[in-house]
Amino acid sequence: MPAALPLGSLADWYLRSARDLPWRRPDFDAWGTLVSEIMLQQTQAARVAVEIDRWLERWPTPADLADAPTHEVLRQWGTLGYPRRALRLQDTARAIVERHGGEVPRDVDALLALPGIGDYTARAVAVFHFGDRHPVVDTNVRRVVARAVHGQGEAGPAKRRDLADVEALLPADPADASVVSIALMELGALVCTARAPRCESCPIADACAWRAAGYPPYEGRRAPRQARFAGSDRQARGTVLRALRGVDVPLAEAEIAALWPDAEQLERALASLVADGLVVRDGASVRLPH
DNA sequence: GAATCGTGGCC
DNA sequence: TGGCCAAGATT
């Protein structure tokens, strides 16, 4: 059993060093928290920070987004990446209106039942907005715990076990547990980074098992590395969607064909965009969904 | 469990 | 320069 982490030092460090991010402002409501957490799925905080306010000014409540034209939702999503998230976010807004009277639910299971909301996002909303006690486990938390608690240089692929693993670290008091979760995330983002961690300024360095062991290199299994992007179906999809966002009329098949050199790959990308509901084929042209 | 899904920043 | 990484979720 590893020694307990100095959670008091961690919390003090957080209160001293936390970034001033929009979703940490006291006036951020449950809906704003949910929207920001979905945008933060695999997208860097700095990029979300410049988009979130404009989004929430346009659609300040779930009912507002539920009623929006989907093509406008996709345009506003812009280049945040993984545009299926924008569709799911609108689906979630509609589900909140239908199932929960337009109010973001507090219950983790109710949150998990919403489209596009998984283990991380559901608990992030329940903890960071509602103040309940749950483990909030993202890539930062997994890395910090792997190092400080388990003495491993990397976390390896995400596992179901990670949730219970982190839950065991949390203080009993929900408010204290909430600060520990956000502080672990911030520590992973600012200090205990994937490359070149800043151990000299780490508030829990004295208790870090990885440091105590002399920074042994990671020997365990790793997540498979991302496929090359250049020339991929993903790039083809992105190219098509970027073109459609840039105009307010459908694009003819010939205009679409001019976007990508490999006709067979373009057709495959187009078919997958249609299957995802991101694009609609309308006769001999292609457009964003209404 | 592994593959898929955008875009941009960093060294 | 190109691989790695980023507040993950879904199938």
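**Domain contacts and aromatic pairs in chain A**

Between domain 1 and domain 2, 5 residue pairs are in polar contact, with both residues at pLDDT 80 or more; a polar contact is a pair of N or O atoms within 3.5 Å, where within protein one must be able to donate a hydrogen and the other to accept it, and residues adjacent in sequence count only if both atoms are side-chain atoms. On the domain 1 side, the elements giving two or more residues to the surface that touches domain 2 are α6 and α7 (84–100); helices here are DSSP runs of H or I with at least four residues, strands are runs of E with at least two, and both are numbered from the N terminus. This is a predicted model, in which local features need pLDDT of at least 70 and side-chain atom pairs count only at pLDDT 80 or more, while totals for chains, interfaces and linings use all residues. Residues are numbered from 1 along each chain as its sequence is written, chains are lettered from A and ligands numbered from 1 in the order in which they are written, and side-chain values use heavy atoms, with hydrogens and water left out.

As for the domains themselves, chain A is assigned domain 1 (1–225) and domain 2 (233–287), with bounds from an automatic or database domain assignment. Their centres, taken over C-alpha atoms, sit 33 Å apart. Where they meet, 8 residues of domain 1 touch 11 residues of domain 2 (contact: heavy atoms within 4.5 Å). About 750 Å² is buried between the two, with carbon and sulfur atoms giving 57% of that; buried area is the accessible area (1.4 Å probe) that two parts lose on being put together, summed over both. R75, R84 and L87 do much of the work, supplying 50% of the area that domain 1 buries against domain 2, more than any other three residues.

R84 turns up again in a salt bridge with D276, at 3.6 Å from N to O. The count of salt bridges between the domains is 1 (side-chain nitrogen of Lys or Arg within 4 Å of a carboxyl oxygen of Asp or Glu).

Turning to the rings, the whole structure holds 3 aromatic pairs; rings of Phe, Tyr and Trp (its six-membered ring) pair if their centres lie within 6.5 Å, with planes under 30 degrees apart counted as stacked, over 60 as edge-to-face and the rest as tilted. W55 and W77 have ring centres 5.8 Å apart and planes at 85°, so they pair edge-to-face. W55 lies in helix α4 (residues 52–58) and W77 in helix α6 (residues 70–77), so this pair ties together parts 22 residues apart in sequence.
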